[in-house]
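I opened a fresh page for this one and kept my notes in the order I looked things up. Pull up the structure and follow along with me.

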Amino acid sequence: MIGSPRMTELNVVVSSPLHIDPNGQSSGPEAAIHAEQVRLLYGTPYVWLINLITGPAAAWLLSPVFPRWAVLSWIGLLLCVISARLLIWQAYQRSAGNCATSDATRWGLAFTAGTFATGCLWGLLAATVFVTDNPVYYMFLVFVLGGMTK
């Protein structure tokens, strides 16, 4: 038929159960896919480095509505979390060549914990709605948090 899309053969991989050998190492396609997904998570540290620029800038712009100790504490916590995430990233890069697929779960959990901590810190900025009624700060907050969740 002219103008209709060509039908191509679709190869479907049937999922097989995850195999675990006597040493506790997982194998099979699911383990390999999971290891590749984790490898993609640890692809680049640049996203975390952006936090080191955006965080202090946001804190500085919100400093008129928060006490100084709160702003400095938030910046300090953000720096600690981002530093820990960069150290974990560096450790993953060093071990990536020797990583078995069973290690992917451990590295994935470390990445998830770092993401959770970073998200909680950025979520604390939502407290702006409790300390000011100025809509300019609300709009700033919407743009910053929206940009960080990209």
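**Entry 1, the largest cavity.** I began by asking which residues line the largest cavity. I noted Tyr42, Trp48, Arg85, Ile88, Ala110, Phe111 and Gly114. I should write down straight away that this is a predicted model. My search of the whole structure turned up 1 cavity of 30 Å³ or more. The space in the largest cavity comes to about 30 Å³. Next I sorted the lining by element: helix 3 and helix 4 (103-123) each supply at least two residues. Helix 4 has the largest share of this lining, with 3 residues.

**Entry 2, the largest pocket.** How much space lies in the largest pocket? I got about 440 Å³. I counted 18 residues in the lining of the largest pocket, and those nearest its centre are Val47, Trp48, Asn51, Met148 and Thr149. Trp48 was already on my page, as one of the residues that line the largest cavity. Then I asked which helices each supply at least two residues of the pocket lining. My list reads helix 1 (29-41), helix 2, helix 4 and helix 6 (135-148). The largest share of the pocket lining is 5 residues, and helix 4 supplies it.

**Entry 3, Ile50.** I stayed with helix 2, where Ile50 has its place. Is Ile50 buried or exposed? I put Ile50 down as partly exposed, because its relative accessibility is 44%. I also checked Ile50 against Met148, which sits 98 residues away along the chain. Their C-alpha atoms are separated by 9.1 Å. Met148 is a name I had met before, among the residues nearest the centre of the largest pocket.

**Entry 4, a nonpolar patch.** On the surface I looked up a nonpolar patch of about 360 Å², made by Tyr46, Leu49, Leu52 and Leu79. Which element gives the most to this patch? I found helix 2 (residues 46-62), with 3 residues. I took a second look at Leu52, which is placed in helix 2. Leu52 counts as partly exposed because its relative accessibility is 31%.

**Entry 5, Val71.** I moved on to helix 3 (residues 68-95), which is where Val71 is found. Why does Val71 count as buried? I have its relative accessible area at 11%, and buried means under 20%, so Val71 qualifies. What does Val71 touch, once neighbours within four places in sequence are left aside? I wrote down contacts with Ala59, Ser63 and Phe66. I looked up Trp60 as well, 11 residues from Val71 in sequence. From C-alpha to C-alpha, Val71 and Trp60 are 7.9 Å apart in space.

**Entry 6, the whole chain.** I finished by stepping back to the protein chain, which has 6 helices and 2 strands. Starting at the N terminus, I read the elements as β-β-α-α-α-α-α-α. How many of the 150 residues count as buried? My entry for the buried share is 24%. For contacts between residues at least 6 apart in sequence, I found that 68% join residues at least 24 apart. My last lookup was the surface: the chain exposes about 10400 Å², and carbon and sulfur atoms supply 69% of that area.

Conventions. Residues numbered from 1 in each chain as written. Predicted model: local features only at pLDDT ≥ 70, side-chain atom pairs only at ≥ 80, totals over all residues. Heavy atoms only, no water. Helix = DSSP H or I, 4+ residues; strand = E, 2+ residues; numbered from the N terminus. Buried < 20%, exposed > 50% of the residue type's maximum accessible area, 1.4 Å probe, protein only. Contact = heavy atoms within 4.5 Å. Patch = residues over 30% accessible without salt bridge, like charges linked within 9 Å, V, L, I, M, F, W, Y side chains within 5 Å. Areas by Shrake-Rupley, 256 points an atom, 1.4 Å probe, with all protein chains shown as cover. Salt bridge = Lys/Arg side-chain N within 4 Å of Asp/Glu carboxyl O. 1 Å grid on protein atoms, 1.4 Å probe; cavity = no way out; pocket = protein on both sides within 12 Å on 5 of 7 lines; lining within 4 Å. Points joined across faces, edges and corners; volume = space filled by probe spheres on them.
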